[in-house]
Amino acid sequence: MTQTQQIKTFHPKLVVFDWDGTILDTTAAIALSIQYACEKIGLPVPSTSLAKSVIGLGWRDAIRIVAPTCPEEDYSTFGSFYTERYRPAETEVHLFPGIVELLQKLKNSGIELAVATGKSRRGLNRVLAQTGLADCFSTTETVDENPSKPNPAMLEAISVAMGRSAEEMVMVGDTTHDIYMTHAFGCPCIAVSYGAMTTKMLEPAQPDAICASVAELAQSLGM
């Protein structure tokens, strides 16, 4: 967002956050781990751009895109190599500056918070514990309980669990998968361009707003 553009402001009762690339700066680690797994299993190594483009998808859907020649019987091996590279790196990644303060301000203002992520349940629970953010969120949905984004099932489940309509919700995410999920569900989407995808990559999906920083995101959420 340029200085001449006005930041669109939303006043939701429930904000649903994506995790990777939105709250935690994991995009480089994920992309490198995908490339590592491809190399170890003997498959063509995808570009960093392609590897980043599948962040947020369910694991099987991601493999089909970055490693289309990988036999399904090798998906488990692919996942093992990915984990071998990613788990040590996970301890080195950090929360985006200002995100903890934003979550606290939203919660203190009475706004409910949730997570909709392509991570596994085990993976999300692990990073929630590591970051100390578990208590911030009233409910969380992962790809283990739902179809992969952009299917709207995660948002539908959160809506039911929290008793909130689409009109009362806003989704915050860093990929077109998040945006298309909100289109299917019917709630607004604030895309952030500090994660896996740039503004140029996000714009064709037509999010309701694009924020280049956590500070802009806070402003867009009325904080």
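User: In which loop is proline 150 found?

Analyst: This is a predicted model. In it, proline 150 sits in the loop between β3 and α7. The bond to read here is the one before the proline. Lysine 149 and proline 150 are joined by a cis peptide bond, with omega about 10°.

User: Where does glutamine 206 lie, and is it buried or exposed?

Analyst: Glutamine 206 is in the loop between α9 (199-202) and β6 (209-211). Its relative accessible area is 58%, so it counts as exposed. Check the backbone too. Glutamine 206 is not a glycine, yet its phi is positive, about 60°.

User: Which residue with a positive phi follows α6?

Analyst: That is glycine 132, with phi near 75°.

User: How do I read the packing of two helices, say α7 and α8?

Analyst: Two numbers describe a packed pair: the angle between the axes and the distance between them. Helix α7 (residues 153-162) packs on helix α8 (residues 176-185) at about 55°, and the axes are 9 Å apart. That angle makes α7 oblique to α8.

User: Which residues of α7 and α8 meet?

Analyst: From α7 come Met154, Leu155, Glu156 and Ser159. From α8 come Met181, Thr182 and Phe185. By type, the contact has four nonpolar residues, two polar and one charged.

User: At what angle do α3 and α4 cross?

Analyst: Roughly 95°, and the axes of helix α3 (residues 59-66) and α4 come within 11 Å. So α3 is roughly perpendicular to α4. On the α3 side, Trp59, Arg60, Ile63, Arg64 and Val66 make the contact. They meet Tyr75, Phe78, Gly79 and Tyr82 of α4. The split is six nonpolar, one polar and two charged.

User: Which residues of helix α6 are buried?

Analyst: Start with the geometry. An α-helix has 3.6 residues a turn, so residues three or four places apart point the same way. In helix α6 (residues 121-131), the buried residues are Gly123, Leu124, Arg126, Val127 and Leu128. They pack against α4 (75-90), β2 (112-116) and β3 (139-141).

User: How many residues are in the largest nonpolar core, and which touch the most other members?

Analyst: In soluble globular proteins, nonpolar side chains tend to be buried together. Here the largest such core has 76 residues. Phe17, Trp19, Phe78, Phe137 and Leu217 touch the most other members. Helix α1 (residues 27-41) gives the largest share, six residues.

User: Why does this core lie between the domains?

Analyst: Because domain 1 (14-25 + 94-221) and domain 2 (27-91) both give residues to it.

User: What does phenylalanine 137 contact?

Analyst: Set aside neighbours within four places in sequence. Phenylalanine 137 then contacts Phe17, Trp19, Ile23, Leu103, Leu113, Ala114, Val115 and Leu128. Among these partners, Leu128 is one of the buried residues of α6.

User: What separates the centres of domain 1 and domain 2?

Analyst: The centres, taken over C-alpha atoms, are 22 Å apart. The contact takes 17 residues from domain 1 and 13 residues from domain 2.

User: Is threonine 27 buried or exposed?

Analyst: Place it first: threonine 27 is in helix α1. Buried means under 20% relative accessible area. Threonine 27 has 6% relative accessibility, so it is buried. Next, list its contacts, not counting residues up to four places away in sequence. Threonine 27 touches Gly21, Lys52, Ile55, Asp174, Gly195 and Ala196.

Terms used: Residues numbered from 1 in each chain as written. Predicted model: local features only at pLDDT ≥ 70, side-chain atom pairs only at ≥ 80, totals over all residues. Heavy atoms only, no water. Axes fitted to C-alpha atoms, helices over the stretch in contact; angles between N-to-C directions. Helix = DSSP H or I, 4+ residues; strand = E, 2+ residues; numbered from the N terminus. Parallel < 35°, antiparallel > 145°, perpendicular 65-115°, else oblique. Contact = heavy atoms within 4.5 Å. Nonpolar A, V, L, I, M, F, W, Y, C, P; charged D, E, K, R; others polar. Core = buried A, V, L, I, M, F, W, Y, C linked by side-chain atoms within 4.5 Å. Buried < 20%, exposed > 50% of the residue type's maximum accessible area, 1.4 Å probe, protein only. Domains from an automatic or database assignment.
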